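User: Please take a close look at one part of this structure, the nonpolar core, and at the parts of the chain that contribute to it. I am a first-year student, so kindly explain each term when it is used.

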Amino acid sequence: MIKLVKISKLFRPFEGNTGTGASELFTKQIGSSFYLAVFNYDKQAQVFDVSAQRLGIDLSKVTDVKEILQDNAVVIIGNLQIKLNGTDAVWYEFTLRK
């Protein structure tokens with residue numbers, strides 16, 4: 001977990017400055033691992049529809065996807081749809097084939 005906290009400082013906002021508040025999606029690639037952190041700052045549940053193509057991930061090169069905080073395996077086909085309860089977060093690790 002300490003390793004995860006250290007690398008989390010290196011995340012970059014995915015959407016950049018939208019002018020409407022803090023970014024909800026953050027990304028970072030380290031070697032063959034691509035990380036995606038998603039935050040729902042709202043009190044209401046929210047669905048995030050994230051395109052692998054927009055993230056720059058070639059799904060044919062993804063060998064494994066894991067939700068890190070809960071240690072759950074994830075299967076992705078096409079877009080990644082993430083449903084988060086209010087004031088919740090999720091953190092994914094995509095393992096990529098070189």
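Analyst: Strand 4 and strand 7 run antiparallel and are joined by five bridges. Two strands count as paired if DSSP finds at least two bridges between them. Helices (H or I, at least four residues) and strands (E, at least two) are themselves DSSP runs, numbered from the N terminus. Within this pair, Gln 46 stands opposite Leu 84 of strand 7.

The model is a predicted one, in which local features need pLDDT of at least 70 and side-chain atom pairs count only at pLDDT 80 or more, while totals for chains, interfaces and linings use all residues. Residues are numbered from 1 along each chain as its sequence is written, and side-chain values use heavy atoms, with hydrogens and water left out.

Strand 7 shows an alternation of side chains: Leu 80, Ile 82 and Leu 84 point to one face and are buried, whereas Gln 81 and Lys 83 point to the other face and are not buried. Here, buried means under 20% relative accessible area, exposed means over 50%, and partly exposed lies in between (1.4 Å probe, protein chains only). In soluble globular proteins, nonpolar side chains tend to be buried together.

Two of these strand 7 residues, Leu 80 and Ile 82, reappear in the largest nonpolar core; of its 20 residues, they belong with Leu 36, Val 38, Ile 57, Tyr 92 and Phe 94 to those that touch the most other members. A nonpolar core is a set of buried Ala, Val, Leu, Ile, Met, Phe, Trp, Tyr and Cys residues joined through side-chain atoms within 4.5 Å. At least two residues of this core come from each of strand 3 (33–40), strand 4 (46–50), helix 2 (52–55), strand 5 (62–67), strand 7 (80–84) and strand 8 (88–96). The most come from strand 8, which gives four.

Phe 94 may serve as an example. Apart from its neighbours within four places in sequence, Phe 94 is in contact (heavy atoms within 4.5 Å) with residues including Phe 34, Leu 36, Ile 57, Val 62, Val 65, Ile 76 and Leu 80. A second, separate core of six residues includes Phe 26, Ala 37, Ile 68 and Trp 91.

The strands may now be placed in their wider setting. The chain has two helices and eight strands, in the order α-β-β-β-β-α-β-β-β-β from the N terminus. Six strands form an open sheet with the order 1-2-3-8-5-6 and antiparallel pairing. Strand 1 (12–13) and strand 6 (72–73) are its edge strands, each pairing on one side only. Strand 2 (residues 25–30) runs antiparallel to strand 3, and six bridges join them; Phe 34 of strand 3 is the bridge partner of Gln 29.

Away from the core, one salt bridge is found in the whole structure. It links the side chains of Lys 66 and Asp 71 (3.7 Å, N to O), where a salt bridge is a side-chain nitrogen of Lys or Arg within 4 Å of a carboxyl oxygen of Asp or Glu. Lys 66 is partly exposed, at a relative accessible area of 29%, while Asp 71 is exposed, at 54%. In the loop between strand 5 and strand 6 lies Leu 69, which is partly exposed with a relative accessible area of 42%.

For the chain as a whole, 36% of the 98 residues count as buried.
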